[in-house]
Amino acid sequence: MDRDDVTWHGYWPAAPTPFTADGLLDEDAWRALLRLYAEQGVHGVLVNGSTGEWFSQSADERRRVVEIAVDEVAGRFPVIAGVTAYTPDEAIALARHAADEAGADGLLATPPPYVHPGPDEIVHFYDRVSSATALPFMVYNWPRGVAVDISAHPGLAARLADLDNVVAIKDSTGDWLRMLGTVEAVSDRVRVFGSFLHRRGLAVLMELGGDGNIDGGGMGAPFAVPYYEAVAARDAGAARAWADRYTALSSRLINPDYSGVFGSPIAQLKAAMRLLGQPGGHVRPPLLPIEDETRLRAIDAVLTESGLKAALGARG
């Protein structure tokens, strides 16, 4: 497989998994969130990623999240199942369920968290997990979460792009120039999702390569979906205007290293979604909800002053 075997592109939410206040998987809210994404016209969705709190779910819950997503989306856009785990066998079990029982459209994993694997170990891990099913596979470079930066090792992204089922890389390095190096090294062979929702990113998409953003929570969809549609139409003027609106939102909530301005990113996201009346649900321990009124007012101000509330109101 290579990049031409999939149509993956554009703006995708890395979906949060809604939990009830007492910690149960909220299946009704999960379905409602997926319907919201469909209404917003997103181009794909990642489930059970970092934003989906895979780390606090049981294997059975992770499987159920994927099953509901595939059922609710019903082919309207790709559903990619996150199968990140500490060992290849754990990841392979989740991958086979997503492929053979749930009917997902693709798979994604980071390198194993905590263990700090080296380049050869990373290649071996991805070789085993990506070849365990026939589904197209996305490599996820997430150094903030796993303490290993694929883009910091010369030639490693290219080695991973050469694996048979790997068709995409999500590069969330936090180092924009390293992400750009990934685009230069492999975008002729695999799809690259990175940090492109700003004017610099637009220049890269228009001239060098790159395919999309996978954005924690997808709150920016009212600005980001039309941005990528303008990019596809080669309408740089419209894309710049949408990028500026997205930046006015994201830059006040997320720091360049992907940490949250007002709290941990997932707790901050779910607090913002509650303020917007969106079905994000509650976080699970070890995360804690944001309940401080000063921080909640500050988040609400960002949602208002960025124009997101008005955009959602106009849409709905």
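**Salt bridges, strands and a helix crossing**

D300 is partly exposed, because its relative accessible area is 23% and this class lies between buried, under 20%, and exposed, over 50% (1.4 Å probe, protein chains only). The structure is a predicted model, in which local features need pLDDT of at least 70 and side-chain atom pairs count only at pLDDT 80 or more, while totals for chains, interfaces and linings use all residues. Residues are numbered from 1 along each chain as its sequence is written, and side-chain values use heavy atoms, with hydrogens and water left out.

The side chain of D300 meets that of K309 in a salt bridge with an N to O distance of 2.5 Å, the term being used for a side-chain nitrogen of Lys or Arg within 4 Å of a carboxyl oxygen of Asp or Glu. K309, like its partner, falls into the partly exposed class, with a relative accessible area of 30%. By this rule the model holds 19 salt bridges, and several of them involve the helices α1 and α2, where helices (H or I, at least four residues) and strands (E, at least two) are DSSP runs numbered from the N terminus.

One of these pairs is R64 with E27, whose closest N and O atoms are 3.1 Å apart. Because R64 belongs to helix α2 (residues 59–73) and E27 to helix α1 (residues 27–40), the pair ties together parts that are 37 residues apart in sequence. R64 is partly exposed at a relative accessible area of 32%, and E27 is also partly exposed, at 30%. A salt bridge of another kind of placement joins R63 and D60, with 2.2 Å from N to O; the two residues are 3 apart in helix α2, so about one helical turn separates them. Here R63 is partly exposed, with a relative accessible area of 25%, whereas D60 counts as exposed at 53%.

A network of salt bridges links R31, R35, D71 and E72. Of its members, E72 is found in helix α2 and is buried, with a relative accessible area of 15%. When neighbours within four places in sequence are left aside, E72 is in contact (heavy atoms within 4.5 Å) with R31, L34 and R35.

The strands come next. Strand β1 (residues 10–14) runs parallel to β8 and pairs with it over 5 bridges, pairing being assigned where DSSP finds at least two bridges between two strands. Within this pair, P13 has D215 of β8 as its bridge partner. Since 4 of the 5 residues of β8 (residues 212–216) are buried, this strand is largely enclosed by the rest of the structure. A second parallel pairing, over 3 bridges, joins strand β3 (residues 79–82) to β4, and in it G82 stands opposite L108 of β4. In β4, G106 and L108 point one way while L107 and A109 point the other way, and all of these are buried.

Helix packing can be followed at α8 and α10. Two packed helices are described by the angle between their axes and the distance between the axes. The axes of α8 (residues 199–207) and α10 (residues 236–250) come within 9 Å and cross at roughly 145°, with axes taken as lines fitted to C-alpha atoms over the stretch in contact and angles running from 0 to 180 degrees between N-to-C directions. From α8 the contact is made by R199, L202 and M206, and from α10 by A236, A239, R240, A243 and D244. Sorted by class, this contact has 5 nonpolar, no polar and 3 charged residues, where Ala, Val, Leu, Ile, Met, Phe, Trp, Tyr, Cys and Pro count as nonpolar, Asp, Glu, Lys and Arg as charged, and the others, Gly among them, as polar.

The loops hold some backbone features to inspect. Most residues other than glycine have a negative phi, and most peptide bonds are trans. N48 has a positive phi, near 60°, although it is not glycine; it sits in the loop between β2 (45–47) and α2 and is buried, with a relative accessible area of 1%. H116, also a residue other than glycine, has a positive phi near 55° and is found in the loop between β4 (106–109) and α4 (119–130). Finally, the peptide bond from P285 to P286 is cis, with omega near 15°, and P286 lies in the loop between α11 (265–276) and α12 (293–305).
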